[in-house]
Structure formats: structure tokens, C-alpha cells
Amino acid sequence: MQFHYGSKSFQIHRYPATSQRSLRAWSAADEHILNHLEALEVADKQIAIYHDRFGFLACTLAERSPLSIVTFKSQAKAITQNLQTNNLSYDAEAMLGPLAKVEQKVDIGIMKVPKALDLFRLYLHQLSSLLSEDGQVICAFMTRHFSPQLLKLAERYFTNVRQSRAYKKSRLLLLSGKKTLPDTPVLQQIAFAGHEALQTYPGVFAGKSVDMATRFLLENLILREEDKKILDLGCGYGVIAKAIYKINPLRELHLMDDNALAIASAKLNLGGSNIHFHYEDSLTAVEDPKFDFVVSNPPFHFEHENNIEIPLKLFAEVKESLNPEGHFQLVANHHLNYKTHLGKMFRRVKTVAENKKFVVYDCH
């Protein structure tokens with residue numbers, strides 16, 4: 001998709017690619033940020049960009065050499081690909097993880113507000129420590145996604161919090177006057193029956209309690225004696241892998257997630273020479289991806305979008321990653337109708353259990 005900014009034209013594409021033509025790699029909220037920056041004196045200012053999922057802001061602001069805070073492997077790939085597509089220079093040192101220690105001060109923080117409020121809080125927490133004394137933060141969101149909680153969280157970290165006028169159904173939160181960091185622990189504790197409490201960083205799925213779908217999957221887990229090499233796909237903070245580890249701590253366990261915060265959280269809850277972590281968005285990037293058992297509570301949301309293209313791609317990769325007698329077990333909401341899609345990929349798809357909301361499948 002083409003976007004014109006100033007005297008330049010940019011080609012910005014989504015990664016992963018989508019067949020839905022209505023889905024763009026940017027929104028009016030991204031454009032709103034650019035419009036606001038034009039009114040500021042930013043030529044010599046250090047900019048840090050947060051939650052730029054496809055690299056739209058990294059590309060259009062590339063001449064200003066911004067820092068990009070990257071939380072997802074798919075985000076890193078999208079930014080890199082779009083920079084290359086537009087023949088823009090790529091500096092690996094300017095692409096930092098969400099928990100990285102940044103030495104230099106930031107004058108302007110730019111953020112596309114994430115759907116997860118806990119992730120928004122983590123970003124604000126980090127920004128308030130990175131900002132110079134007179135630094136400011138520009139947060140953009142579509143008005144239909146506004147929540148009063150955005151204001152409450154922003155007011156915990158900044159003295160001056162105001163909203164802009166609307167632009168194409170988007171608004172900005174303009175923050176300045178950073179406060180002393182609130183005495184709030186970054187890590188969250190999650191109760192898990194039969195286990196010690198799990199820990200997680202903000203911004204990881206089900207970060208306050210083990211979600212009902214995962215509980216239903218664990219209640220109906222089919223773990224065979226011959227399942228020696230196991231993958232928890234979309235592992236989050238490792239709750240499924242932790243349950244399997246408790247059954248038999250000697251199995252070879254692999255945990256994979258697109259979210260760097262999820263992998264960092266899982267490492268807090270599991271460890272050992274037979275535990276392996278993969279910060280990846282695709283099984284094709286995993287060395288020796290052959291498993292006896294793959295288990296998953298796969299995501300079907302991409303921010304505010306309901307999008308099953310990503311899990312369907314992963315299911316196809318799982319099929320290629322199973323040993324000849326291996327199996328794949330997953331839990332899903334009934335309305336997603338995954339069985340139709342799974343039936344086209346696997347020889348046999350069995351419904352293991354179902355209730356009014358969820359269904360558990362076992363695929364061979």
C-alpha cells in the first residue's frame with residue numbers, strides 16, 4: 001500500500017500478509033501522529049517509537065533516526081521488511097526490546113496505543129524513565145477504542161494529560177511533565193491451582209489469571225507416554241508447559257511465542273537443560289522442528305481485529321512439524337469453526353471435549 005508523506009512516497013505492507021483488502025498497514029491514528037509532529041520543533045530531538053506493528057512510523061520518520069521499541073518478532077520482521085522495501089537504512093542497534101535498558105535520553109515518545117492496557121502501562125513506565133525532563137509523549141488511538149482507563153494510567157505517570165481534537169475518527173493523548181515513577185511492581189503474580197504462583201510481565205495474554213480456555217484444555221489434556229518432545233505453541237507465560245512439566249519433568253519441552261514479554265515471562269517460570277525457548281512467529285524458524293506433541297491455545301485476535309489467518313498458517317506449519325505418529329491438541333472458541341480448516345490439513349480431527357463456549361481438538 002502506498003502512502004505519501006511530504007515529498008516522498010512509501011510502500012508499507014503488513015506482515016504477516018493478509019488476504020483481507022480492507023486491512024491496511026496503518027490507520028488514521030498513525031497519520032495523526034505525523035500531522036502533530038509537523039507542528040513541533042523536532043529536527044534535533046531523539047524520538048522513540050512504541051507499538052509500531054508494521055513499521056509505518058519507522059519508515060516515514062526514518063530520516064530522524066528514531067529508536068524503535070519492538071515487542072513482537074512479527075513486528076521486527078515487518079519493520080525490517082518495510083525499511084528494505086523503501087531502501088531505507090536499517091540500524092539493528094536502534095531496534096530495542098521492550099525490557100531493554102536504554103542509556104540515551106528520549107525527547108519525544110510516540111506510541112500507537114496497544115489494545116492491552118497492561119502493555120500500555122509498561123510502555124508508560126519505561127517512557128517515564130527514558131524521557132528528558134522536558135520530554136513529551138504522543139499516544140494515538142482510534143476513538144472507538146477509547147477507554148477512561150487510558151487517562152487514569154496516563155495520569156499516574158504524567159502531570160499534564162490532554163486529548164487532541166479528532167482527526168478521521170482518531171485522537172491523540174498528549175503527555176508531559178513526567179512524575180516520579182509510581183511504586184508499582186512491573187511483574188504480576190498469577191495463581192495457578194496446584195502450582196506455585198506464576199510470574200508474568202505486563203502485556204502477556206491472560207496476565208491476571210489463567211484463562212478459561214487454557215483451563216479447559218488442561219482438564220482434557222491427552223499426554224501420551226510416547227510424547228517425549230513437546231511444543232507449547234503460543235506459550236504465553238508458560239502455564240501449559242508448566243502443567244506438562246509437573247506431570248513429567250524429564251520430557252523435552254519447547255516454548256514458542258511471538259511476544260518477547262511472553263518468552264521473558266516463561267523463562268521466569270520454567271528452566272532446565274530440557275527446556276527450550278523460541279522467540280519466533282513461525283515454526284520454520286525453529287531448528288529441528290519435529291515434535292511428538294504440539295499443544296496450543298492459539299490467538300485469534302490481532303490487536304482489535306478478529307483474524308484467523310495467523311493461526312491457520314501456524315496450523316499448517318504444525319502439520320509439517322509433527323513426527324509421523326505425533327499429534328496436535330488445541331482449544332478454541334466454538335464460533336471459530338476450526339474443525340473445518342483442520343480437517344483439510346490433518347488425516348483425523350477428533351473432538352476431545354466441548355462445553356458451551358470452548359472445544360478441544362486432537363489432530364493427527
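These legends describe close-up views of a predicted model.

**View 1. Phenylalanine 3 meets phenylalanine 56 edge-to-face.**
The structure holds nine aromatic pairs. In this one, the ring centres of phenylalanine 3 and phenylalanine 56 are 4.9 Å apart. Their planes stand at 65°, over the 60 degrees required, so the pair counts as edge-to-face. Phenylalanine 3 belongs to strand 1 (residues 2-5), and phenylalanine 56 to helix 2 (residues 56-60). The pair therefore links distant parts of the chain, 53 residues apart. Both phenylalanine 3 and phenylalanine 56 are buried.

**View 2. Tryptophan 26 stacks with phenylalanine 56.**
Here the ring centres of tryptophan 26 and phenylalanine 56 lie 5.3 Å apart. The planes meet at 20°, under the cut-off of 30 degrees, so this pair is stacked. Tryptophan 26 sits in the loop between strand 2 (8-11) and helix 1 (28-38). Its partner, phenylalanine 56, is in helix 2, so the contact ties together parts that are 30 residues apart in sequence. Tryptophan 26 has a relative accessible area of 7% and is buried. Phenylalanine 56 is buried too, at 1% relative accessibility.

**View 3. Four aromatic residues form a cluster.**
The members are Phe315, Phe328, Tyr338 and Phe346. Ring pairs link them.

**View 4. Two arginines place their charged ends over phenylalanine rings.**
The charged end of arginine 53 sits over the ring of phenylalanine 72, 3.8 Å from the ring centre. Arginine 14 does this with phenylalanine 302: its charged end sits over that ring, 5.5 Å from the centre.

**View 5. Arginine 14 and phenylalanine 302 also line the largest cavity.**
A search of the whole structure finds one cavity of 30 Å³ or more. The largest cavity holds about 60 Å³ of space. Besides Arg14 and Phe302, its lining includes Pro16, Ala17, Thr18 and Phe54. Asn307, Glu309 and Ile310 are also among the lining residues. By class, the lining has five nonpolar, two polar and two charged residues.

**View 6. Seven strands make an open sheet with mixed pairing.**
The strand order is 5-4-3-6-7-9-8. Strand 5 (95-96) and strand 8 (158-163) stand at the edges. Each has a single partner strand, so one side of each is left without a neighbour in the sheet. Strand 4 (residues 67-69) and strand 5 run parallel, joined by two bridges. At this edge, serine 68 has methionine 95 in strand 5 as its bridge partner.

Definitions and conventions
Residues are numbered from 1 along each chain as its sequence is written. This is a predicted model: local features need pLDDT of at least 70, side-chain atom pairs count only at pLDDT 80 or more; totals for chains, interfaces and linings use all residues. Side-chain values use heavy atoms; hydrogens and water are left out. Rings of Phe, Tyr and Trp (its six-membered ring) pair if their centres lie within 6.5 Å; planes under 30 degrees apart count as stacked, over 60 as edge-to-face and the rest as tilted. Helices (H or I, at least four residues) and strands (E, at least two) are DSSP runs, numbered from the N terminus. Buried means under 20% relative accessible area, exposed over 50%, partly exposed in between (1.4 Å probe, protein chains only). A charge sits over a ring if NZ of Lys or CZ of Arg is within 6 Å of the ring centre and within 35 degrees of the ring normal. On a 1 Å grid over the protein atoms alone, a cavity is a set of points where a 1.4 Å probe fits but cannot get out, and a pocket is an open set with protein on both sides within 12 Å along at least five of seven lines; lining residues have an atom within 4 Å of a point. Grid points are joined across faces, edges and corners, and a volume is the space filled by probe spheres set on the points. Ala, Val, Leu, Ile, Met, Phe, Trp, Tyr, Cys and Pro count as nonpolar, Asp, Glu, Lys and Arg as charged, and the others, Gly among them, as polar. Two strands pair if DSSP finds at least two bridges between them.
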